Amino acid sequence: MIPLAVPDLTGNEAKYLLECVETNFVSSVGPFVDRFEEGIAKATHSTAAVATSSGTSGIHLALKALDIGEGDMVIIPTYTFIASASAVAQAGAIGWLFDIDPTSWTLDPRQVARALEVECDRRGERLVHRVTGKTVRAILAVYTLGNAPDMGALRDVAKAHSLHLIADAAAAIGSEHRSRPIGPLADVSIASFNGNKTITCGGGGALFGDDLALLNRARHLATTARVGQNYDHDAIGYNYRMTNLQAAVGCAQLERLGEFLKRKSEISSFYSTLAEGLPGVEAFPTEIFGTSSHWLSGLVLKHPGDAQALIAFLNERGIGTRPFWKPIHLQVPYMHWPTDGVSTAEGLWDRVVVLPSSANASRSDLDYVAEQCAEFFLKS
Ligand SMILES: *Cc1c(COP(=O)(O)O)cnc(C)c1O
């Protein structure tokens, strides 16, 4: 079986893990946690980073650190992984679901600006969404597959309405926005180091950015909101810190980030070329606003039925192939969240086919994928 997305752990992972065991630093304090946070800050050109137990807990933490909760509303694209929505719900807020731009597959700043003008009222300090009465507090932009949204324009919209700009950069370590690293672009950004991401800690996440006060607040909340050593806690806190074991793997992975990104970019180009040669097939999103980290790559088919058939065909032939995100507005827990036109996402999601995208996929693996895709279209 050619896997869809598996980690490459052939660097210093085992060595660093052994170091944790031998030095007895296996929990949330330890040199690898510090080193990993510094590494993430450096890779994203951020002032600092806070390592967390997962990307999802990182987003939740970012919202709590910004005091977003009950009565609040967060703008998110409907085409995202469920975690962006669950973090908003866990914070006690609700999402306002927006469409994606058909080329970049990211939030469209003009659509957001228009909706804020037309559907909200300013009541003193609050920007109120008229229909629900909720206070709009933030835009949670998503780097879809590592592809950057128009962060400059989103920043302008956020600023014009005094909203926070948060980035779900779960798969975007190594992504760029207009040739610049992504750390400084949002008030705070969140990465994931789940096993299927470009670099992994087994599981884990990080908040990164330039707002040190915000990051320190997040760190405090992630550490049970503990004050001093005597079981004093000054807020409702969480146990969301990353362990030294996870960070050890992360440090080894970071050493190879450049190599992994290069390989992912090659895989993306390979499948884009493949798409050009197949009837009615389109490539994955275009890099309009910067270089993508190309987390996962694949094909977009003309009809949902074709996508399902191709997925079944390739899996039968030992090629790990999957559909991709189902929009949030179609998910049972979030169907009641208000939407603002989601037709592009609705017309796209069930035509997307993700193909093997591991950094360690070999050339012959890719050739086999291409060959089998060609055979599928010959038959159908
Ligand atoms: C992977 C991912 C997450 C969740 O990260 P976990 O570490 O699995 O909690 C959130 N948002 C997006 C867009 C993702 O791709």
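Me: What makes a residue count as one of the 15 that surround the ligand?
Reply: In this predicted model, a residue counts if one of its heavy atoms lies within 4 Å of the ligand. By that test 15 residues surround the ligand, and the closest are Gly-55, Thr-56, Asp-168, Ser-192 and Lys-197.

Me: Why is the pair between Thr-56 and the ligand called a polar contact?
Reply: The cut-off for a pair of N or O atoms is 3.5 Å. An oxygen atom of the ligand is 2.5 Å from an N or O atom in the side chain of Thr-56, so the pair qualifies.

Me: And what about Gly-55 and Lys-197?
Reply: With Gly-55, a polar backbone atom is 2.8 Å from a ligand oxygen. For Lys-197, a polar side-chain atom lies 3.3 Å from an oxygen of the ligand. Both values are within 3.5 Å, so these are polar contacts too.

Me: How much of the ligand does the protein bury?
Reply: The protein buries 91% of the 380 Å² that the ligand exposes when taken alone.

Me: How do you know which pocket the ligand sits in?
Reply: More than half of a molecule's atoms must lie within 2 Å of a pocket's grid points. The ligand takes up the space of the largest pocket, which holds about 490 Å³.

Me: What lines that largest pocket?
Reply: 32 residues do, with Phe-81, Asn-196, Lys-197, Trp-295 and Trp-325 nearest its centre. Helix H3 (55-65), helix H4 (82-90) and strand E10 (188-192) each give two or more residues to the lining.

Me: What classes of residue make up the lining?
Reply: It divides into 18 nonpolar, 11 polar and three charged residues.

Definitions and conventions. Residues numbered from 1 in each chain as written. Predicted model: local features only at pLDDT ≥ 70, side-chain atom pairs only at ≥ 80, totals over all residues. Heavy atoms only, no water. Polar contact = N/O pair within 3.5 Å; in protein donor to acceptor, adjacent residues only side chain to side chain. Areas by Shrake-Rupley, 256 points an atom, 1.4 Å probe, with all protein chains shown as cover. 1 Å grid on protein atoms, 1.4 Å probe; cavity = no way out; pocket = protein on both sides within 12 Å on 5 of 7 lines; lining within 4 Å. Points joined across faces, edges and corners; volume = space filled by probe spheres on them. Helix = DSSP H or I, 4+ residues; strand = E, 2+ residues; numbered from the N terminus. Nonpolar A, V, L, I, M, F, W, Y, C, P; charged D, E, K, R; others polar.
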